[in-house]
Amino acid sequence: MRKLRHFINGEFVDPASGKWLDVFEPATGQKYAELAAGSAADLERAVAAAAAARDAWKNTPADRRSRILWRIGELIERDLDLLSAAESQDNGKPVTLARSLDIPRAAHNLRFFAAAATQFASESHAMEEGAINYTLRQPIGIVGCISPWNLPLYLFTWKIAPALAAGNCVIAKPSEITPLTATLFGELCNEAGLPPGVLNIVHGRGNEIGTALVEHPAVNAISFTGGTKTGADIASRAAPKFKKLSLELGGKNPTLVFADCEWRKTIEQTVRGAFLNQGEICLCGSRILVEESVYERFVADFVAEARKLLPADPALEETRHGALVSREHMEKVLGYIELAKQEGGRIECGGERVVVEGRCREGWFVAPTVITGLSMDCRTNQEEIFGPVVSIMPFRDEAHAVELANGTPYGLAASIWTGDVGRTHRLARDIHAGLLWFNCWMLRDLRVPMGGMKQSGVGREGGFEAMRFFTEAKNVTVKFA
Ligand code: NDP
């Protein structure tokens, strides 16, 4: 059985406890590896390695840091096929998606922040009183990066790359459910010449080694992406210790469709925005709000398009809809579908577990599910499901659309389909979301601020926002006259 070990001080090491966790392949429901069950003792070892590497890395010229990160990005590209197959096996996503989205984006994260390392600059403010201010932005020291299972290497590197580019040493914890590509990433870091101890990857349960990482006094900042409930727990532990915190949390994103949209493109892209990666992307639109004059037509066309996404073996090239990440998650998603029925919802398509014949018979597949007839305030429309399930509802006019769009505790993303330019800017002003896409979805420029408002998070990632998060600002005032 394959063993996935911690990566500490540039070496792959067994867990101090001698305990291992089972890792499953979602498409088959079978165990395929064992994962180090990390404990406080492993974390101490990682902290010691990071502390020993901290000063040398901080003082490494930005150009040198940049070259190493760039090289890691190149190695990810070199291993595109291997990493894509690993991501698909570990997460259940179609291998074609891993090859076209997850792994190229992971490489891009490294290259993007390799460039940022050399381009990041700080401010200077001259004063009429004969003084000048300049702001030093210095690395924080040791930072913790905790990432989820839905886009494993993509989100893991999205945090690690800026932290390293800014000159920090990192202790990173991937999800225990999808640890494979993070482990392979450690090997690439060694090959690229990243000094030992600069990046340490610890594995294990969130409520054990994750909590220990959040609470450790030597870890000065935590960058977390995951569920809102976990985010609240992390904030409650980190805040009393005054750690810097970045929280990218859940969403219940609205998709707004107006009668004047470009019809065919809207149907194709709203289906993509609902079900890509089996709907397991925080940015997926799970509440689809449609102008009532085109509501019936939209439901019919959307359902017809969604039915084309047949759950199938993710390892096959033609597959567009894979397995859900775990049995537990599949049961959660199916539970929400039952709840939707109890709340008066009508299942237009999908709605149940699908058996995929052959090697995937025991896999965790749920077909794209479309629900209509629900009220805005029911639990199905208020709580994050994070799977291939959408609810479609009609709206009367623009004001009603905004009221529905804003009617949840979340505020991560929204996607709006309209041909009216004036409306575009009114909605950009009025919708409560950190990311708004008009006539597109998940079109990402890594320079822009990424994150949510309300219960979708605190702070922003991306571009120089991330570089600022991973540095401490120190202002210097010099009086010269
Ligand atoms: P979780 O919150 O369950 O876990 C996220 C990470 O935190 C995992 O590595 C997990 O480890 C770890 N963790 C769990 N409990 C703790 C704890 N008490 N202390 C420290 N770490 C802990 O999220 P999921 O993995 O289930 O991911 C899905 C969620 O992520 C969804 O809500 C989704 O919306 C959100 N998300 C948000 C994004 C954004 O940018 N806003 C992007 C992508 C996803 P382990 O898995 O080992 O328990």
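A cavity is taken here as a set of grid points where a 1.4 Å probe fits but cannot get out. By this rule, the predicted model holds five cavities of 30 Å³ or more.

The largest of these cavities has a volume of about 100 Å³. Its lining is made up of 15 residues, and G279, I281, C284, S286 and F386 are the ones nearest the centre. Sorted by class, the lining of the largest cavity comprises seven nonpolar, six polar and two charged residues. The second largest cavity encloses about 80 Å³ of space. It too is worth a look residue by residue: of the 15 residues that line the second largest cavity, T255, G273, G285, S415 and W441 come closest to its centre. Three elements, β13 (253-257), α9 (263-275) and β21 (413-417), each contribute at least two residues to this lining. Here the classes divide into eight nonpolar, seven polar and no charged residues.

Turning from enclosed to open space, the largest pocket contains about 1,400 Å³. Its lining counts 47 residues, with W149, F224, G226, G227 and T230 lying nearest the centre. At least two lining residues come from each of α5 (152-165), α7 (206-215), β11 (221-225), α8 (228-238) and α11 (327-342). Helix α8 gives the most to the lining of the largest pocket, namely six residues. The lining of the largest pocket includes 20 nonpolar, 15 polar and twelve charged residues. Where does the largest pocket lie with respect to domain 1 and domain 2? Residues of both domain 1 (2-249 + 456-478) and domain 2 (253-446) take part in the lining, so the pocket lies between them.

The packed interior offers a companion picture. In soluble globular proteins, nonpolar side chains tend to be buried together. In this model, the largest nonpolar core has 101 residues, and I76, F185 and L283 touch the most other members. Helix α4 (residues 95-119) gives the most to this core, with eleven residues. This core lies between domain 1 (2-249 + 456-478) and domain 2 (253-446), because both give residues to it. Apart from it lies another core of 22 residues, including I267, F298, F302 and L309. Within the largest core, F185 deserves a closer view: leaving aside residues up to four places away in sequence, F185 touches I72, I76, L110, L153, F156, T157, I160, L199 and I201.

Two loop residues complete the description. K252 sits in the loop between β12 (244-248) and β13. Is K252 buried or exposed? Its relative accessibility is 2%, so K252 counts as buried, the cut-off for buried being under 20%. Not counting residues up to four places away in sequence, the contacts of K252 are S286, R287, T380, N381, Q382, E383, E384, I385, T408 and Y410. One of these contacts of K252, S286, is also among the residues nearest the centre of the largest cavity. The C-alpha atoms of K252 and T228 are separated by 11 Å, with the two positions 24 residues apart along the chain counted as their separation.

N406 is found in the loop between α13 (398-405) and β20 (410-411). With a relative accessibility of 16%, N406 likewise counts as buried. Again not counting residues up to four places away in sequence, N406 touches D430, I431, H432 and K454.

Notes: Residues numbered from 1 in each chain as written. Predicted model: local features only at pLDDT ≥ 70, side-chain atom pairs only at ≥ 80, totals over all residues. Heavy atoms only, no water. 1 Å grid on protein atoms, 1.4 Å probe; cavity = no way out; pocket = protein on both sides within 12 Å on 5 of 7 lines; lining within 4 Å. Points joined across faces, edges and corners; volume = space filled by probe spheres on them. Helix = DSSP H or I, 4+ residues; strand = E, 2+ residues; numbered from the N terminus. Nonpolar A, V, L, I, M, F, W, Y, C, P; charged D, E, K, R; others polar. Domains from an automatic or database assignment. Core = buried A, V, L, I, M, F, W, Y, C linked by side-chain atoms within 4.5 Å. Buried < 20%, exposed > 50% of the residue type's maximum accessible area, 1.4 Å probe, protein only. Contact = heavy atoms within 4.5 Å.
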